[in-house]
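Reader: Thanks for sitting down with me. I'd like to go through some labels and ask what stands behind each of them.

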Amino acid sequence: MAQILLAAIYIMLSCTAALALKILGIADVANAAIAGIVILLALTQIHVLVRSRVEARRTRREIAEIKRIARESARTVEE
């Protein structure tokens, strides 16, 4: 559900930026549409980058916890 909401937000942001480019006279319709698509792709890439870093951090923490438990278990077995 959150992914759908984020996608909708990204689409609205890129459409708003494209519309602003057209209204302000910075670009014509075709160039504003292309700019909107580029903005949407950029937002998506930023989202993927942030999510992958968060996931990598989470994975490192989980692996460290598993290693710690394994060392404690090995110590317990040795005793």
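Reader: Why is Glu 72 called partly exposed?

Author: Glu 72 has a relative accessibility of 36%. Partly exposed covers values between 20% and 50%, so the label follows. Do keep in mind that this is a predicted model.

Reader: What makes Arg 68 and Glu 72 a salt bridge?

Author: Their closest N and O atoms are 2.5 Å apart. The rule asks for a Lys or Arg side-chain nitrogen within 4 Å of an Asp or Glu carboxyl oxygen, so the pair qualifies. Arg 68 and Glu 72 are four residues apart in helix α2, which means they are separated by about one helical turn.

Reader: How do you know that Glu 65, Arg 68 and Glu 72 form one network?

Author: Salt bridges that share partners join the three residues. The side chains of Glu 65 and Arg 68 also meet in a salt bridge, at 2.4 Å from N to O, and this value too is within the 4 Å cut-off. Arg 68 therefore takes part in the bridge to Glu 65 as well as in the one to Glu 72. Glu 65 and Arg 68 are three residues apart in helix α2, again about one helical turn. As for accessibility, Glu 65 has 36% and Arg 68 has 34%, so both fall in the partly exposed range.

Reader: How many salt bridges does the rule give?

Author: The count comes to three. Besides those of the network, Glu 55 forms one with Arg 58, where the closest N and O atoms are 2.9 Å apart. That distance is within 4 Å, so the name salt bridge holds here as well. In general, side chains of opposite charge can pair when their charged atoms come close.

Reader: Why are Glu 55 and Arg 58 about one helical turn apart?

Author: Because they sit three residues apart in helix α2. Glu 55, at 37% relative accessibility, is partly exposed, and so is Arg 58, at 33%.

Reader: Why is Arg 60 called exposed?

Author: Arg 60 reaches 55%, and exposed begins over 50%, so Arg 60 earns the word. Arg 60 lies in helix α2, which spans residues 29-78. Together with Arg 53, Arg 57 and Arg 61, Arg 60 forms a positive surface patch. What makes that patch positive is that Arg counts as positive.

Reader: Which residues form the nonpolar surface patch?

Author: Leu 5, Ile 9, Met 12 and Leu 13 do, with about 380 Å² of accessible area together. Leu 13, found in helix α1 (residues 2-23), has a relative accessible area of 46%. A patch member needs over 30%, so Leu 13 passes that test, yet 46% is not over 50%, so Leu 13 counts as partly exposed.

Reader: Is His 47 buried or exposed, and how do you know?

Author: Buried: the value is 17%, and buried means under 20%. His 47 belongs to helix α2. Leaving aside neighbours within four places in sequence, His 47 is in contact with Gln 3, Leu 6 and Tyr 10. Ala 33, by comparison, is 14 residues from His 47 in sequence and 21 Å away in space, C-alpha to C-alpha.

Terms used
Residues are numbered from 1 along each chain as its sequence is written. This is a predicted model: local features need pLDDT of at least 70, side-chain atom pairs count only at pLDDT 80 or more; totals for chains, interfaces and linings use all residues. Side-chain values use heavy atoms; hydrogens and water are left out. Patches are made of residues with over 30% relative accessible area and no salt bridge: like charges are joined within 9 Å, nonpolar side chains (Val, Leu, Ile, Met, Phe, Trp, Tyr) within 5 Å. Accessible areas come from the Shrake-Rupley method with a 1.4 Å probe; for residues, only the protein chains shown count as cover. Helices (H or I, at least four residues) and strands (E, at least two) are DSSP runs, numbered from the N terminus. Buried means under 20% relative accessible area, exposed over 50%, partly exposed in between (1.4 Å probe, protein chains only). The place of a charge is taken as NZ of Lys, CZ of Arg, CG of Asp or CD of Glu. Contact means heavy atoms within 4.5 Å.
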